[in-house]
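Open the model in your viewer and keep the selection tool at hand. The stops below say what to select next and what is there.

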Amino acid sequence: MNGNVKIAMITGAGTGVGRASALAMLREGWSVVLAGRRSEPLEKTKADAEADGERALVVPADVTDPMSVQALFSRTKEAFGRLDFLFNNAGANAPGTPMEELTVEQWRHVVDVNLTGTFLCAREAFRLMKSQMPMGGRIVNNGSISAYAPRPNSAPYTSTKHAITGLTKCMSLDGRKYDIACGQLDIGNALTEMAARMAEGVPQANGEIAVEPLMDVENVAKALVCMASLPPEANVQTMTVMATKMPFVGRG
């Protein structure tokens, strides 16, 4: 491996934001560990990178399983010797469901993926980054606009994304002594499979159904590359990248 090449890991790299981000990082010259539950989408991401895919390593992993996460980071260390950047992007949602109708299973699934999964990956990243030479690295957590404002009937997802903000702040503080910078990327209405329904209309706070503007997911990838490329002495603590006209700022 070229000692000048930086090593990144992206969870949920087979689809959506994770896929676009992985391709962007590869284009920028990074080596990228592609992590996700299913190997097929990860292999497609690698194939779509064409020649840049030679610097991609596919590692199927379940972020909710501590042993699987440990194996993911062990494989990364074995292949590259270090990790410079982690994008905690893997996420899950529950169908829009009134609070009183949510099942415990729906709640726990979203919490396990979005919050516990982020913690497990961050914990292993801390362990690796504090022990490598030179010490340190950078971690970015996928926060979402839901880290600030809920959509109707979104208790599990919104709760986890608010919690990600607290976790990111703790990581940012606790990472200082190890030269680990931590930040949060809050994404609003990027056009992915998960968000495509917004183009057909989604529930609003006033009970209406309305079409919402969307932006190209490449804008998210550009924002992530910007955060990842900062020198060690600088950090973006939080960045919001969103469709300009989405109903977030103001009263709709």
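This tour of a predicted model goes from helix pairs to the nonpolar cores and then to single residues in loops and a helix.

**Stop 1: H1 with H6**

Select residues 16-27, which form helix H1, and residues 218-228, which form helix H6. How do the axes of H1 and H6 cross? They come within 8 Å and cross at roughly 55°. H1 and H6 are therefore oblique to each other, since an angle that falls between the limits of 35 and 65 degrees is classed that way. The crossing is right-handed.

Now show the side chains at this contact. From H1, pick Val17, Ala20, Ser21, Ala24, Met25 and Arg27. Their partners on H6 are Glu218, Val220, Ala221, Leu224, Val225 and Ala228. If you colour the contact of H1 with H6 by class, you will find nine nonpolar residues, one polar and two charged.

**Stop 2: H1 with H2**

Keep H1 on display and add helix H2, residues 39-48. The axes of H1 and H2 come within 10 Å, with a crossing of roughly 35°. This crossing, too, is right-handed. On H1, the residues to show are Arg19, Ala22 and Leu23; on H2 they are Lys44, Thr45 and Asp48. By class, the contact of H1 with H2 holds two nonpolar, one polar and three charged residues.

**Stop 3: the nonpolar cores**

Which residues touch the most other members of the largest nonpolar core? Select Met25, Val32, Leu34, Phe85, Leu185, Ile187 and Val220, which do so in a core of 38 residues. To see where this core draws its members from, show the elements that give two or more residues to it. The helices on that list are H1 and H6. The strands are E1 (7-11), E2 (31-36), E3 (56-60), E4 (85-88), E6 (180-188) and E11 (238-242).

Zoom in on valine 220. Leaving aside neighbours within four places in sequence, valine 220 is in contact with Val17, Leu185, Ile187, Ala190, Met215 and Val241. Val17 was also part of the contact between H1 and H6.

Apart from the largest core lies another, of 31 residues. Among them are Phe73, Cys121, Ile164 and Leu167, which you can select as markers.

**Stop 4: the loop between H2 and E3**

Go to glutamate 50, in the loop between H2 and E3. The phi angle of glutamate 50 is near 55°, a positive value in a residue other than glycine. Is glutamate 50 buried or exposed? It counts as exposed, because its relative accessibility is 65%.

**Stop 5: a serine in H3**

Select serine 68, which lies in helix H3, residues 66-80. Serine 68 is buried, with a relative accessible area of 18%, and the cut-off for buried is under 20%. Not counting neighbours within four places in sequence, serine 68 is in contact with Ala61 and Asp62. Add leucine 120, 52 residues away along the chain, and draw a distance between the two C-alpha atoms: the separation is 9.9 Å.

**Stop 6: a cis peptide bond**

Move to proline 134, in the loop between helix H4 (104-131) and E5. The peptide bond from methionine 133 to proline 134 is cis, with omega near -5°.

**Stop 7: the loop between E5 and H5**

Serine 144 is found in the loop between E5 and H5. Serine 144 has a positive phi of about 95° although it is not a glycine. With a relative accessibility of 7%, serine 144 counts as buried.

Alanine 149 is in the loop between strand E5 (137-142) and helix H5 (155-174). At 29% relative accessibility, alanine 149 counts as partly exposed. Which residues does alanine 149 touch, if those up to four places away in sequence are not counted? They are His162 and Phe248. A C-alpha to C-alpha distance drawn from alanine 149 to leucine 102 gives 19 Å, for a pair 47 residues apart in sequence.

**Stop 8: the loop between E7 and E8**

End at methionine 194, in the loop between strand E7 (190-191) and strand E8 (202-203). Methionine 194 counts as exposed, at 52% relative accessibility. Select alanine 92 as well: methionine 194 and alanine 92 are 102 residues apart in sequence and 9.8 Å apart in space, C-alpha to C-alpha.

Note on methods. Residues numbered from 1 in each chain as written. Predicted model: local features only at pLDDT ≥ 70, side-chain atom pairs only at ≥ 80, totals over all residues. Heavy atoms only, no water. Axes fitted to C-alpha atoms, helices over the stretch in contact; angles between N-to-C directions. Helix = DSSP H or I, 4+ residues; strand = E, 2+ residues; numbered from the N terminus. Parallel < 35°, antiparallel > 145°, perpendicular 65-115°, else oblique. Left-handed = near helix turned anticlockwise from the far one by under 90°. Contact = heavy atoms within 4.5 Å. Nonpolar A, V, L, I, M, F, W, Y, C, P; charged D, E, K, R; others polar. Core = buried A, V, L, I, M, F, W, Y, C linked by side-chain atoms within 4.5 Å. Buried < 20%, exposed > 50% of the residue type's maximum accessible area, 1.4 Å probe, protein only.
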